[in-house]
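Visitor: Before I trust any label on this model, I want the reasoning behind it. Can you take me through it?

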Amino acid sequence: MSKEIFLSEDTLITSKTDLSGKIVYANEDFLKYAGYGMADVLNKPHNIVRHKNMPRVVFKFLWQYVKEGKEIFAFVKNKAKNGDFYWVFANITPSFDLNGNIIGYYSVRRAPNKKAITDIEKLYSQLLEAEKISIQNSITLLSDFCKNSQKSYNELIFDLQNS
Ligand SMILES: Cc1cc2nc3c(=O)[nH]c(=O)nc-3n(C[C@H](O)[C@H](O)[C@H](O)COP(=O)(O)O)c2cc1C
């Protein structure tokens, strides 16, 4: 049976990827919570920790934002090597060279607000249901959810973490 692992308050899980999302760096906390050794993750696509309960639309937004040079916040359920899972509050940012070209991506994750996870699990299960019809359905649902809360996606996520 897979069980939930909780991040301690002082945990910062970080990783860097190349432009295609392959891991080029992972810190000690990343390896500890994911249960991998450095050699297992280097040059592997970041979906190595993807959990099946994560709606595709969240990653669609993630890639859209960072490719446009913007940061994004997200609550992500990740899967450890042994099948256990851990929730994180993540910030993903593009890294730029001196000419302003995007040269890779960077993510910092910390313990999520537990209250927020209850709300996010409800939203994610609705997004997963919508995805069964089409990804567009799920995009519309998430966009409408933001509109109804009168917040941008990032404001919504950031406010949930800090509520
Ligand atoms: C810097 C960075 C960090 C990422 N961190 C995660 C992560 O912790 N968990 C995750 O499932 N996907 C993460 N992703 C997204 C993955 O690249 C991928 O889009 C996602 O796992 C969905 O996989 P799929 O495209 O095979 O469905 C990250 C991407 C970037 C650029």
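Guide: Start with a definition. Helices, of at least four residues, and strands, of at least two, are DSSP runs numbered from the N terminus. The model itself is predicted.

Visitor: Which elements supply at least two residues each of the shell around the ligand?

Guide: Helix 3 (56-67), strand 3 (72-79) and strand 5 (102-110). Strand 5 gives the largest share, 4 residues.

Visitor: What is the make-up of that shell?

Guide: It divides into 8 nonpolar, 5 polar and 2 charged residues. Of the 15 residues around the ligand, Asn47, Arg50, Trp63, Asn78 and Arg109 come nearest.

Visitor: What makes the approach of Asn47 to the ligand a polar contact?

Guide: The cut-off is 3.5 Å between N or O atoms. A side-chain N or O atom of Asn47 lies 2.7 Å from a ligand oxygen, so the pair qualifies.

Visitor: And how do you know that Arg50 and His46 qualify?

Guide: The argument repeats. For Arg50, a polar side-chain atom is 3.1 Å from an oxygen atom of the ligand. For His46, the distance is 3.4 Å, to a ligand nitrogen. Both values are within 3.5 Å, so both are polar contacts. Taken alone, the ligand exposes 610 Å², and the protein buries 83% of that.

Visitor: Where does the ligand sit?

Guide: In the largest pocket.

Visitor: Why is Asn148 called exposed?

Guide: Exposed means over 50% relative accessible area. Asn148 has 66% relative accessibility, so it counts as exposed. Asn148 belongs to helix 5 (residues 135-148). Its C-alpha atom is 22 Å from that of Met54, 94 residues away along the chain.

Technical notes: Residues numbered from 1 in each chain as written. Predicted model: local features only at pLDDT ≥ 70, side-chain atom pairs only at ≥ 80, totals over all residues. Heavy atoms only, no water. Near = heavy atom within 4 Å. Polar contact = N/O pair within 3.5 Å; in protein donor to acceptor, adjacent residues only side chain to side chain. Areas by Shrake-Rupley, 256 points an atom, 1.4 Å probe, with all protein chains shown as cover. 1 Å grid on protein atoms, 1.4 Å probe; cavity = no way out; pocket = protein on both sides within 12 Å on 5 of 7 lines; lining within 4 Å. Sits in = over half its atoms within 2 Å of the grid points. Nonpolar A, V, L, I, M, F, W, Y, C, P; charged D, E, K, R; others polar. Buried < 20%, exposed > 50% of the residue type's maximum accessible area, 1.4 Å probe, protein only.
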